[in-house]
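The questions below go through a structure of chains, domains and their contacts. Each answer gives its reasoning and then the value or name asked for.

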Amino acid sequence: MGKAYSLRGKIGDQEVSKLQVGDIIYITGEIFTMRDQAHLKALEILRGGGRLPFDLRGGVIYHCGPLVKGSRLVSAGPTTSMRMERSEGEILARTGAKCIIGKGGMGSGTLSALSEHHAVYAEYPGGAGALAARSVVGIKGVYWRELGDPEAVWVLEVEGFGPCFVTMDCHGRTLRETLKK
Amino acid sequence: MRAEDIAEAIRLMETDLPPDVEAALARCRDEEEGISREVLGAMLENVRIAREGGVPICQDTGSLVFFVSAKGCCSEICRIIMEGVAMATEAVPLRANIVDPFSRKNTGNNLGRGNPIIHIDPRPEGGLRIGILAKGAGSENVSAATMLDPDQSVGGIKEFVLQTVRKAGAKPCPPIIVGVGVGGSLDAAALLSKRALMRRLDEPTEDALSSHLEGDLLREINSLRIGPMGFGGKNTALAVRLEAADCHTASLPVAVSIQCWALRRVFLEAEGDRVLIRR
């Protein structure tokens, strides 16, 4: 097993560089939930020359459709990342996000984008929604709620959010040998 | 049976894992090492937190699938189930998961055209019995069905199951439970593969051939070494459960329902005026 790291606030290139496949990270700060529909909407806006209503530079994208009741975040584990494979490379290029959290691994397009844009992909234990919710200390905002609650972008304030297992790093390495296109 | 009974059973199902499933996961953790052991430890801790806090185990509270067996007409029980689902969506709470397939607009309460999914199995006698399964999409999306030629036989069935599990890889949150449906028709095989997930993992299979096939498949699936969350290891599946039905002489339908480690199922049984909830 690799090393354990705590990441705080905006993530810089140096921090990304030291992260290797097999390391475990714990995140404190803001993370943005984005899944299928939010990826499509973000790209539609950015390709049209627009700006997103939230700033992802140095930020963390979490593949997650949380269960939210009123202002309470009830359960918030990861969703299958591979569904976002067709968009992720361009999202990294256009937003400057530095860390993707999801589950199940991603493909060769994302792997090369992680190298090119100096970012990292890590996995939270799948199905562990109750555990994840415990490290969320607040909901700082929500965007695009018209997409439906699971598909909206939730800005979560987290403390020690993990374990997130680094399975694809910025050095072109991946935990799983077989990469799906 | 009242809507409140349905809602209460859904709450139990979503916030606590059946003991057979939790025991199987704990055995896996003891057998693994490195990050595969870590990830199983996090899953088990998550189960404990969900149980103690009365919160859903996973944010994907699933599509709800009902297996109803009863004597006579079921329109009243279907109404009670729908009311119970709407009630549970508010009270447990559940994530609103059901959308229009084209516009993707969310219905907001887990009801919709054809939802929840209710399978009715009329029986000549006995009280009302309802099984409920919360089926998350991560594992449902990698499930598959095929129509084999009869001469492909057991070898073809095994090959299709293994191919489906290999292709699924880490996506369905392994260690998985594999439901296999053999025979019937395309739709019936798919339903059999879902019903197979309602059987306890530690319950012996009576039919000798099915039992043998389940054992073989489990060994071969685990030899793929996909491991917990695809991190590698001995445990890719907790169990294989197989259900069979007779079929057309020209067909050999096979369906594979993949289930994530969080196999959330519950049963309700009506006994006179009393309703029993069991795991």
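Q: How far apart do the C-alpha centres of domain 1 of chain B and domain 2 of chain B lie?
A: The model is a predicted one. The domain assignment of chain B gives domain 1 as 3-16 + 54-136 + 263-278 and domain 2 as 138-259. Between the C-alpha centres of these two domains of chain B the separation is 24 Å.

Q: Which element supplies the largest share of the side of domain 1 of chain B that touches domain 2 of chain B?
A: In this contact, 10 residues of domain 1 of chain B meet 10 residues of domain 2 of chain B. On the domain 1 side, β1 (63-70) and β3 (129-135) of chain B are the elements that give two or more residues. The largest share, 3 residues, comes from β3(B).

Q: How many charged residues are on the side of domain 1 of chain B that touches domain 2 of chain B?
A: Contact between the two domains of chain B draws 10 residues from domain 1. By class, that side has 4 nonpolar and 3 polar residues, and the number of charged residues is 3.

Q: Which domains of chain B does the largest nonpolar core lie between?
A: The largest nonpolar core has 132 residues, and those with the most contacts inside it include I132(B) and V178(B). In general, nonpolar side chains tend to be buried together in soluble globular proteins. Both domains of chain B give residues to this core, so it lies between domain 1 (3-16 + 54-136 + 263-278) and domain 2 (138-259).

Q: Which element gives the largest share of the largest nonpolar core?
A: Among the residues with the most contacts inside the core of 132 residues are C99(A), A119(A), V120(A) and A122(A). The largest share of this core is 9 residues, and it comes from β9(A).

Q: Which residues does A119(A) touch, not counting residues up to four places away in sequence?
A: A119(A) is among the residues with the most contacts inside the largest nonpolar core. Leaving out residues up to four places away in sequence, A119(A) touches V16(A), L92(A), A97(A), K98(A), C99(A), I100(A), L114(A) and C170(A).

Q: Which element provides the largest share of the side of chain A that touches chain B?
A: The contact takes 34 residues from chain A and 34 residues from chain B. On the chain A side, β4 (67-69), β5 (72-75), α5 (129-134) and β9 (153-168) each supply at least two residues. The largest share, 5 residues, comes from α5(A).

How values were computed: Residues numbered from 1 in each chain as written. Chains lettered and ligands numbered in written order. Predicted model: local features only at pLDDT ≥ 70, side-chain atom pairs only at ≥ 80, totals over all residues. Contact = placed C-beta atoms within 7 Å. Helix = DSSP H or I, 4+ residues; strand = E, 2+ residues; numbered from the N terminus. Core = buried A, V, L, I, M, F, W, Y, C linked by C-beta atoms within 7 Å. Buried ≥ 20, exposed ≤ 12 C-beta atoms within 10 Å, placed from the backbone. Domains from an automatic or database assignment. Nonpolar A, V, L, I, M, F, W, Y, C, P; charged D, E, K, R; others polar.
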